[in-house]
Amino acid sequence: MQWNTETMTWAVVALLLFAAEAMAPGAFMLWLGFAAAAVFAIVLVIPGVPVLVQAAAFVLLSFVSIQVYRSWFRGREPRSDKPTLNRRTEALIGSVVPLERAIVNGHGRVQIADAYWDVTGPELPAGTVVRIVSSRGMSLLVEPAV
């Protein structure tokens, strides 16, 4: 084991990547930090590794570590008990409300709580009770409630 400039450089790069991950979490810099730490260990154990081989090892290990993250960890986040919490239009699907403004030329309006929503659907007069069946952006698709 030999402490030289190359060894210290990889240690510093790994620590800087870990610090960047701590400041702006997103799990990306963490895996690059692991790759830099692995190159640090290689250079520490096997002195005299050419710089080009070190850089190639870092690129390869970065790619491998990010693929490990994407395949093993990314899809395993716990599911929310309220999946539509910040998806207001999706949360409204299935609601039954009266039309506040008639649907003319495919466009109308409903009032839900204290908010007005644009709706699209078949021609219907104001006051008709409709069911929200889907959403497209901030517009709700409705059909007559039966």
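**Figure 1. The loop between E1 and E2, with asparagine 105.** In this predicted model, asparagine 105 is located in the loop that lies between strands E1 and E2. The hairpin formed by E1 and E2 has two residues between its strands. Although asparagine 105 is not a glycine, its phi is positive, at about 55 degrees. Asparagine 105 counts as exposed because its relative accessibility is 65%, and the cut-off for that class is over 50%.

**Figure 2. The loop between E2 and E3, with alanine 113.** Alanine 113 occupies the loop between E2 and strand E3, the latter covering residues 115–120. Like a residue of the preceding view, alanine 113 is not a glycine, yet it has a positive phi, here of about 60 degrees. Is alanine 113 buried or exposed? With a relative accessible area of 64%, alanine 113 is exposed.

**Figure 3. Pairing of strands E1 and E2.** Strand E1 spans residues 96–104 and strand E2 spans residues 107–112. The two strands run antiparallel and are joined by three bridges. Two facing pairs can be located in this view. Leucine 99 has valine 110 in E2 as its bridge partner, and arginine 101 stands opposite arginine 109, also in E2. As a general rule, side chains in a regular strand alternate between the two faces of the sheet.

**Figure 4. Pairing of strands E1 and E4.** Strand E4 comprises residues 129–136. E1 and E4 run antiparallel, and three bridges join them. Which residue of E4 is the bridge partner of valine 97? The partner is valine 130.

**Figure 5. The closed barrel and the record for residues 90–144.** Five strands form a closed barrel in the order E1-E2-E3-E5-E4, and their pairing is mixed. From one strand to the next, the twist averages 50 degrees. An unreviewed UniProt entry places the feature "domain: NfeD-like C-terminal" at residues 90–144. In the model, residues 90–144 are 64% strand and 5% helix. The C-alpha atoms at the two ends of this span are 18 Å apart.

**Figure 6. The span listed as a transmembrane region.** UniProt, in an unreviewed entry, lists residues 32–64 under "transmembrane region". The model gives this span 85% helix and 0% strand. Its end C-alpha atoms lie 10 Å apart.

**Figure 7. Helix H2 and a nonpolar surface patch.** Helix H2 covers residues 29–45, and valine 45 lies within it. Ile42, Val45 and Ile46 make a nonpolar surface patch of about 270 Å². Valine 45 is exposed, since its relative accessible area is 58%. This value satisfies the accessibility condition for a patch residue, because that condition asks for over 30% relative accessible area.

**Figure 8. Phenylalanine 34 in helix H2 and its separation from arginine 131.** Phenylalanine 34 is another residue found in helix H2. How is its exposure classed: buried, partly exposed or exposed? Phenylalanine 34 is partly exposed, as its relative accessible area is 39%, and this class lies between the limits of 20% and 50%. Along the sequence, phenylalanine 34 and arginine 131 are 97 residues apart. In space, the distance from C-alpha to C-alpha for phenylalanine 34 and arginine 131 is 52 Å.

How values were computed
Residues numbered from 1 in each chain as written. Predicted model: local features only at pLDDT ≥ 70, side-chain atom pairs only at ≥ 80, totals over all residues. Heavy atoms only, no water. Pairing = 2+ DSSP bridges. Helix = DSSP H or I, 4+ residues; strand = E, 2+ residues; numbered from the N terminus. Axes fitted to C-alpha atoms, helices over the stretch in contact; angles between N-to-C directions. Patch = residues over 30% accessible without salt bridge, like charges linked within 9 Å, V, L, I, M, F, W, Y side chains within 5 Å. Areas by Shrake-Rupley, 256 points an atom, 1.4 Å probe, with all protein chains shown as cover. Salt bridge = Lys/Arg side-chain N within 4 Å of Asp/Glu carboxyl O. Buried < 20%, exposed > 50% of the residue type's maximum accessible area, 1.4 Å probe, protein only. UniProt positions renumbered as here; feature names shortened; annotations may be inferred.
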